[in-house]
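Hi everyone, thanks for coming. I'd like to walk you through one protein model today, and please stop me whenever a term is new to you.

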Amino acid sequence: MTTEQAQRAPLAAERRAHVLAALEREGVVRVADLTDELGVTAVTIRRDIATLEREGLLARVHGGAVAASGDHRAGDPAITATIGVLVPSLDYYWPGVVRGMEIEARKHGLKIVLRGSSYEAADERPTLQRLVESENLRGLVLAPRTDGPHAQEMVQWLARSGVPHVLVEREAALAPHREALESVVSDHALGALMAVHHLADLGHRRVALVLSRLSPTSRKIAAGWRAACADLGLSTDEHFERLAPDRHEPGFPRVVEEVVETALSSGTTALLAHSDPEAFAIVQHAQDRGLSVPGDLSVVAYDDEVAGLFSPALTAVRPPRSAVGHAAVDLLVKRLEDPSRAVHRVAISPRLVVRESTGPVRA
């Protein structure tokens with residue numbers, strides 16, 4: 001061993017001890033956090049993680065590592081196989097789903113390889129093809145576009161791939177006979193229905209719905225909202241709907257202003273907004289106009305990522321993000337164990353979290 005190697009060895013040992021100690025505390029470590037903590041490059045941390053994985057002390061996942069069997073998570077099985085995960089975003093909403101997947105995968109001795117797409121992606125097949133070919137996957141959990149021009153081609157590709165798969169927060173069917181694909185979804189229509197009934201119980205008759213134009217969740221929220229309005233006998237004159245562009249687009253503030261103006265002119269006293277940032281923007285603009293929330297306008301947010309942090313804290317529908325992730329991996333494991341098993345489609349109920357932004361209609 002050279003003098004230079006001798007000097008390096010203790011540093012590497014210290015880094016790897018730090019990684020294992022962090023894994024003991026947290027159950028998961030991320031490369032980005034470790035580079036900050038240790039003051040080394042991401043390449044160095046990845047090499048350390050690869051070394052520790054070869055020694056059986058952890059299992060790599062995209063962006064970091066989780067504990068392996070026999071070391072820092074008593075009772076966890078050994079990592080024996082890899083599953084691929086494709087989601088349309090690696091921030092906002094999806095991290096909660098992925099964390100549920102990681103925990104469930106670890107219970108079954110599975111390692112996750114995570115890839116991100118986007119809501120605008122025209123065709124995710126090339127990404128999935130590379131993932132399947134490079135990682136020798138046992139299965140896939142994915143949230144592809146099911147409303148784009150290549151949606152049915154994607155479904156056909158999955159059917160031909162021979163790789164067991166589960167859709168997460170998406171539903172699709174295989175042409176020409178419309179055989180359903182295995183899926184786990186939040187019951188977003190039920191979430192919207194709960195929001196409408198909450199507002200109706202407070203005496204609201206004139207209501208509004210604001211949806212994110214890009215989100216595939218919006219369609220289901222709208223369906224539940226309209227069904228609830230019909231159940232309650234709310235006519236089209238008593239509620240209005242708006243589609244909002246991406247909040248980073250120049251036209252977003254204009255739509256927010258229009259929503260508040262329409263609410264004022266129509267006597268609307270309550271609304272549901274998807275998602276939290278859209279709700280924040282509406283509440284902020286209403287307050288800037290001198291309106292009271294909830295005195296003049298009750299607001300329910302859909303997603304509850306950060307709704308409770310606003311002032312006033314927003315009443316929100318909370319989709320079961322972690323539970324969806326757990327259930328998707330569990331469904332895939334059952335498919336791996338029994339390939340002839342009947343196709344399952346699982347819908348998990350959200351919950352309504354009542355806070356300060358909703359109240360009775362003013363007399």
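Let's begin with some vocabulary: a residue is called buried when its relative accessible area is under 20%, exposed when that area is over 50%, and partly exposed in between. Take R178 as our trial case: its relative accessible area is 57%, so R178 is exposed. Keep in mind that what you see on the screen is a predicted model.

Now the overall picture. The protein chain has 363 residues, and 49% of them are buried. Its secondary structure comes to eleven helices and 17 strands. If you follow the C-alpha trace along its principal axes, it spans about 85 × 50 × 40 Å. The accessible surface comes to about 16800 Å², and carbon and sulfur atoms account for 51% of that. Here is a number about how the chain meets itself: among contacts with a separation of 6 or more, 71% are between residues 24 or more positions apart.

Let's zoom in on one part. Please find strand 4, residues 81-87, and strand 5, residues 110-116. Do these two strands run parallel or antiparallel? They run parallel, and seven bridges join them. One pairing you can look for is V85, whose bridge partner in strand 5 is L114. Strand 5 is mostly covered, with five of its seven residues buried. Together with helix 4, the two strands make a right-handed β-α-β unit.

Staying with helix 4, which covers residues 94-107, we come to E104. Is E104 buried or exposed? Its relative accessibility is 6%, which is under the 20% cut-off, so E104 counts as buried. And what do we find around this side chain? One polar contact, of 3.1 Å, links it to the side chain of K107. Another, of 2.8 Å, links the side chain of E104 to that of H108. Leaving aside residues up to four places away in sequence, E104 also touches H326, V329 and D330.

Next, some backbone details, and here a bit of background helps. Most residues other than glycine have a negative phi, and most peptide bonds are trans. With that in mind, let's look at some exceptions.

E169 is not a glycine, yet it has a positive phi of about 55 degrees. You'll find E169 in the loop between strand 7, residues 165-168, and strand 8. With 8% relative accessibility, E169 counts as buried because that value is under 20%.

Now back to R178, our exposed residue from the start. R178 also has a positive phi, near 65 degrees, and is not a glycine either. Its place is the loop between strand 8 and strand 9.

That loop has something else to show us. P176 lies there too, between strand 8, at 173-174, and strand 9, at 179-180. The peptide bond joining A175 and P176 is cis, with omega at about 5 degrees.

Where is P294, which also takes part in a cis peptide bond? P294 sits in the loop between helix 10, residues 276-288, and strand 14, residues 298-302. Its cis bond is to V293, and omega there is about 20 degrees.

To recap the residues to look up afterwards: E104 is buried in helix 4, E169 is buried in a loop, and R178 is exposed in a loop. Thanks for listening, and I'm happy to take questions!

Technical notes. Residues are numbered from 1 along each chain as its sequence is written. This is a predicted model: local features need pLDDT of at least 70, side-chain atom pairs count only at pLDDT 80 or more; totals for chains, interfaces and linings use all residues. Side-chain values use heavy atoms; hydrogens and water are left out. Helices (H or I, at least four residues) and strands (E, at least two) are DSSP runs, numbered from the N terminus. Buried means under 20% relative accessible area, exposed over 50%, partly exposed in between (1.4 Å probe, protein chains only). A polar contact is a pair of N or O atoms within 3.5 Å; within protein, one must be able to donate a hydrogen and the other to accept it, and residues adjacent in sequence count only if both atoms are side-chain atoms. Contact means heavy atoms within 4.5 Å. Two strands pair if DSSP finds at least two bridges between them. A crossover is right-handed if, with the strands pointing away from the viewer, the path from the first strand over the helix to the second runs clockwise. Accessible areas come from the Shrake-Rupley method with a 1.4 Å probe; for residues, only the protein chains shown count as cover.
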